[in-house]
Structures are given as C-alpha cells and as structure tokens.
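Below are my notes on this model, set out as numbered points. Please read them with the coordinates open.

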Amino acid sequence: MPSENMSLQMVTVSNNIALIQPGFSLMNFDGQVFFFGQKGWPKRSCPTGVFHLDVKHNHVKLKPTIFSKDSCYLPPLRYPATCTFKGNLESEKHQYIIHGGKTPNNELSDKIYVMSIVCKNNKRVTFRCTEKDLVGNVPEARYGHSINVVYSRGKSMGVLFGGRSYMPSTHRTTEKWNSVADCLPHVFLVDFEFGCATSYILPELQDGLSFHVSIAKNDTIYILGGHSLANNIRPANLYRIRVDLPLGSPAVNCTVLPGGISVSSAILTQTNKDEFVIVGGYQLENQKRMICNIISLEDNKIEIREMETPDWTPDIKHSKIWFGSNMGNGTVFLGIPGDNKQVVSEAFYFYTLKCAEDDMNEEQTTFTNSQTSTEDPGDSTPFEDSEEFCFSAEANSFDGDDEFDTYNEDDEEDESETGYWITCCPTCDVDINTWVPFYSTELNKPAMIYCSHGDGHWVHAQCMDLAERTLIHLSAGSNKYYCNEHVEIARALHTPQRVLPLKKPPMKSLRKKGSGKILTPAKKSFLRRLFD
C-alpha cells in the first residue's frame with residue numbers, strides 16, 4: 001500500500017551533475033537503477049551514455065556502464081517512450097523498450113531499441129542494445145509519447161500512442177523550422193518479434209496528446225491527462241484501450257471513462273501489484289500540480305483518488321518547473337532548478353520521494369508497463385533543447401577503488417564550444433529556429449570548420465563566407481584555417497628562421513693500409529712508436 005506519509009529526501013550528486021537535465025529516463029533492472037538520456041552526446045569515457053545511478057545514504061554517484069560487442073549504437077534520447085517487456089526466453093526475462101525521443105541536435109528518432117543485461121557483477125554491468133526494424137504503418141519520429149506492452153491469449157504486443165513531431169517538410173518555413181505539432185491520435189500496435197506495425201483510428205480519440213500518463217495491465221491500457229498542443233489545454237481525459245490478440249487480426253477498442261484529472265508531464269510509480277501513485281506534473285502553463293493521486297486497478301476498474309501530499313520544501317513550492325522519472329519500487333527521482341541567488345549554485349537540486357515501503361517484489365515491478373513521464377518542454381522555456389552543456393564536476397569524483405568506474409572529464413571536449421548550436425562570432429546569424437541547409441555538406445546540421453588560432457574554436461562556414469568548395473578543401477587535409485577574427489593575427493605570425501644543425505667533423509680512424517679493419521689501441525700505439 002502507498003504510504004500516507006511519503007518520505008521526501010534531498011540527495012546530493014557527487015559527480016557529473018550536468019548530465020542530469022530535463023528529459024532523462026531511468027531504467028530499473030532487478031533493483032538497480034540506470035540513468036539514460038544525458039543532454040549532449042556521449043563521451044569517450046562512457047560512449048554508451050548509460051550510467052548506473054547509485055544512491056547510498058542520500059548520495060548519488062553516476063557510474064559508467066558498457067555495452068556488449070554485438071550491441072548497436074544508442075544515441076542519448078530525451079523525452080522518449082519507455083516500458084518494460086518480458087520475452088519468451090529466460091534471457092529476455094526483463095527488457096526495456098525505448099522508442100522515439102530527441103537527440104542533442106534536436107533531431108527526432110523513429111527507431112525502437114531493446115535494452116537487456118547480459119552480464120552483471122560487483123564491478124560493472126554490461127548491456128546489450130539491439131535495434132528493431134519496423135515494417136508496415138511505421139510510427140513517425142516523435143517525443144513525449146507513450147509505449148506499453150499488452151498481453152492477451154498468450155501473446156504480447158506493443159501499443160504506441162500520442163506525442164509530438166516536427167511539422168511536415170512541406171509546411172516548414174525558416175521562421176518555424178523547428179516548430180512541433182501534435183501527432184495524429186492514432187494507436188499503433190507493434191509486434192516486437194516480427195517488427196510489424198499497424199495503425200488504428202479510434203473515433204473516441206479526436207485530439208493529439210503528449211506527456212500523458214499511461215498504465216498497462218494485461219490486455220488493457222489506461223490513458224490519463226496529457227497536453228493538447230493544438231488547443232493548449234490539459235483536458236481531464238481518461239481512456240481505456242483494450243487489445244484482443246486472437247489468431248487472426250487484433251481487435252482494438254476504446255472507451256471514454258469518467259473521473260479523469262487534468263495533468264501533464266506527471267511521474268507514475270508503482271507501489272504494489274494493483275496500485276500506482278501520480279506525482280508532479282503541471283495543471284496549467286508554468287503552474288505545477290502539487291497534488292498526488294493514488295490509482296487503483298481492480299476487477300477491470302480504475303479508481304483515482306487524492307492522497308496526502310508530501311511535505312514539499314520551500315524550494316520545490318516556489319520553483320516554476322520540476323522534472324524527474326520513476327526509479328521503481330515506489331520511488332521517484334525529482335529535480336528543480338538551482339537558486340541563482342547563491343554565489344555557488346548547482347544547475348539543479350535533486351530529491352527522492354518514496355511512496356511505498358521497500359517490500360515490492362519483482363513480479364509487482366514488472367507486472368505493468370507505463371510511460372516514463374518527464375518535464376514538458378512547453379512548460380520550461382528557460383531550458384531549450386538547443387543549449388549545450390559542459391561538465392563541471394571533479395574529474396576524480398568516481399569511486400577510486402573501482403578501476404572500471406574512472407571517468408576523466410579532462411579528456412573530453414567542451415561541448416559548449418564544439419556544439420553546433422553556438423554563437424561562433426559577433427556577427428553569427430545561425431539560429432536553431434531559423435536555420436535551413438545552405439551547403440550540400442551540411443545535411444541536417446550547420447557546416448563548421450575549426451579555427452586554429454590559440455587553443456582553437458569552431459566557427460560556422462556560413463558566417464565565415466566560405467564557399468563549399470573551399471570548405472571541402474580545408475577540411476580534407478590538415479590545413480590550418482583562421483576565421484575572420486583571427487586571420488590578421490595569423491598573417492602577422494612569422495615563421496622563425498631555420499637554424500641549420502652544427503656539423504661535427506667525423507672522427508678519423510687510423511687504418512692499416514690495404515686493410516678495411518679498424519686498428520686496436522695497442523696496434524695504434526705500436527705503429528706510432530715504429531714510425532717515430
């Protein structure tokens with residue numbers, strides 16, 4: 001049962017706190033929590049971008065994990081849809097499905113990844129990540145949606161719904177290049193075994209929704225709340241979607257239920273087999289929803305009731321935004337912006353909220369699958385996805401006793417300087433919201449070139465008025481390039497005159513005439529006395 005007195009505790013992140021920003025996801029494998037979705041591309045020291053979120057005594061450490069050699073590449077995706085999945089094999093007992101999300105370059109993913117653990121010891125965890133190819137009615141790239149797994153007649157099927165996507169290319173203009181719109185309210189069934197996707201249009205679902213709450217139990221999914229971007233409302237929706245999986249074609253039907261609540265970007269955590277707790281979210285634009293709710297699922301019925309709220313701290317009450325994810329076992333990981341008034345302030349402060357006793361078993365935690373809800377980007381304009389971050393924690397802040405957990409930030413490049421969405425010069429006019437491809441080499445990101453002056457820095461080729469042919473020529477070899485600001489400085493640099501090395505006369509060796517052998521010192525002395 002959920003605890004009527006939920007426990008809220010502030011935690012400190014000892015290393016790489018800048019990794020944890022809105023849009024991340026947490027995965028719980030047998031009680032171990034793993035962080036995924038850092039803001040920025042993975043680093044050389046942790047190319048997987050997946051970290052073990054080790055919480056001990058209200059202290060959090062991020063420890064890098066590795067992938068098996070047969071794994072595919074997994075980009076850092078923010079605001080994806082995730083859920084747990086049980087396969088038929090023993091090795092597939094506990095897996096996570098990841099779909100969609102945003103990359104650090106603001107590109108949207110339409111891929112499905114399956115995460116599983118292949119090796120675990122006291123040193124580190126090894127994951128296997130595989131990509132599932134889809135055919136049929138493939139869902140478009142999106143974020144802020146949900147994916148769940150239903151089980152019917154001994155079979156399983158993924159159910160995908162909602163989210164946001166970029167406007168069609170035919171409607172995109174330079175002023176609204178990165179504008180997003182609600183995805184059509186279609187329900188997609190995804191067969192993870194054969195990779196087939198089928199789209200269903202249900203008359204009860206009229207408006208697109210994103211950042212809603214979804215709960216799956218057996219063959220039923222409940223869709224709760226959400227945000228309609230077209231109408232800019234958070235309707236008190238409550239839908240029940242049932243999926244029947246007979247030998248023939250699946251049957252999908254939807255029922256509108258009363259008793260919904262108005263909320264978006266809420267976090268859902270499971271407290272026992274049939275009960276859940278909704279925490280956080282927003283009820284209006286930039287107005288947090290401080291009420292918590294208990295959701296009970298019994299006898300194919302759903303009941304939603306308010307519960308006693310935790311003792312929110314003044315910082316949480318006064319913050320305009322909050323975000324987080326479900327840690328599993330009835331625990332939620334929350335984050336709020338730091339206080340800029342402080343002389344030394346972290347970007348975010350973090351809390352753990354325990355909604356249940358630590359007595360949940362594995363059957364309870366994997367029985368249902370729900371969306372990992374995160375902060376709604378529409379509610380947090382100060383934190384745009386285009387911003388790049390750099391690490392600011394100590395380089396040796398990982399466990400020194402664990403040789404596998406060494407993460408040296410000094411080895412990494414500063415993404416605030418090498419990111420594509422930067423101001424490269426005083427006259428830089430490349431903007432994330434208005435940029436369109438100019439060079440054929442740019443594809444989907446601005447072409448850049450490295451200025452060699454000083455420690456070097458990245459500049460946009462467009463801002464430097466570089467012709468594409470010149471850009472390709474300079475990028476082909478190891479030529480040094482100087483941007484408009486530093487080209488005069490570079491011309492003033494003079495190459496020092498070359499100093500020829502001193503020639504030392506070779507040592508003369510006394511050789512016996514007609515012999516190619518070098519004489520020994522004793523023979524040299526004998527010959528000198530003989531000829532003298």
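1. Strand β20, residues 238–244, is mostly covered in this predicted model. Five of its seven residues are buried, that is, under 20% relative accessible area.

2. β20 has antiparallel partners in β19 and β21. Strand β19 (residues 220–224) is joined to β20 by five bridges, and L224 has L238 as its bridge partner. Strand β21 (residues 251–256) is joined to β20 by six bridges, with D244 standing opposite A251. The β20 and β21 pair makes a hairpin, with six residues between the two strands.

3. A hairpin is also formed by β26 and β27, here with two residues between the strands. Seven bridges hold the antiparallel pairing of β26 with strand β27 (residues 301–307), and I294 is matched with R305 in β27. In the turn, D299 has a positive phi of about 55 degrees. That residue may be worth a look when backbone geometry is inspected.

4. β26 (292–298) also belongs in a description of the largest nonpolar core, to which it supplies at least two residues. This core has 20 residues, and those touching the most other members are M6, V279, W312, I316 and L353. At least two residues each also come from β1 (2–13), β23 (275–279), β29 (331–337) and β30 (348–356). β30 gives the largest share, four residues.

5. Which residues does L353 touch, not counting residues up to four places away in sequence? The list is M6, S7, L8, V279, P310, W312, G330, T331 and V332. Of these, M6, V279 and W312 are also named with L353 among the core members that touch the most others.

6. An open sheet is built from five strands in the order β6-β10-β9-β8-β7, with mixed pairing. Why is one side of β6 and of β7 left without a neighbour in the sheet? β6 (66–67) and β7 (81–85) are the edge strands and each has a single partner strand, so one side of each stays unpaired in the sheet. Within the sheet, β9 (residues 112–120) and β10 (residues 125–132) run antiparallel and are joined by eight bridges. S116 has R128 in β10 as its bridge partner.

7. β8 also takes part in an aromatic pair. A search of the whole structure gives 18 aromatic pairs. In one of them, the ring centres of F29 and Y96 are 5.2 Å apart and the planes are at 55 degrees, so this pair counts as tilted. F29 is in strand β2 (residues 25–29) and Y96 is in strand β8 (residues 95–99), so the pair links parts of the chain 67 residues apart. Both partners are covered: F29 counts as buried because its relative accessibility is 1%, and Y96 counts as buried because its relative accessibility is 9%.

8. Other ring contacts can be listed briefly. F24, F35, F323, F333, F348 and F350 are linked into a cluster through ring pairs. Two lysines are placed over tyrosine rings: the charged end of K86 sits over Y151, 5.8 Å from the ring centre, and K102 lies over the face of Y143, 4.4 Å from the ring centre.

9. The UniProt entry, which is unreviewed, lists C424, C428, C451, H457, H460, C463, C483 and H486 under "binding site". Such annotations may be inferred rather than shown by experiment.

10. Is C463, one of these listed positions, buried or exposed? C463 counts as buried because its relative accessibility is 9%. This cysteine is in the loop between β33 (457–460) and α4 (468–476). Leaving aside neighbours within four places in sequence, C463 is in contact with C424, C425, C428, D429, V430 and N484. C424 and C428 are themselves on the UniProt list.

11. C483, also on the UniProt list, is in the loop between α4 and α5 (487–492). At 1% relative accessibility, C483 counts as buried. Not counting residues up to four places away in sequence, C483 touches C451, H457, V459 and M464. C451 and H457 appear in the "binding site" record as well.

Notes
Residues numbered from 1 in each chain as written. Predicted model: local features only at pLDDT ≥ 70, side-chain atom pairs only at ≥ 80, totals over all residues. Heavy atoms only, no water. Pairing = 2+ DSSP bridges. Buried < 20%, exposed > 50% of the residue type's maximum accessible area, 1.4 Å probe, protein only. Contact = heavy atoms within 4.5 Å. Core = buried A, V, L, I, M, F, W, Y, C linked by side-chain atoms within 4.5 Å. Phe/Tyr/Trp six-rings, centres within 6.5 Å; stacked < 30°, edge-to-face > 60°. Lys NZ or Arg CZ within 6 Å of the ring centre and 35° of its normal.
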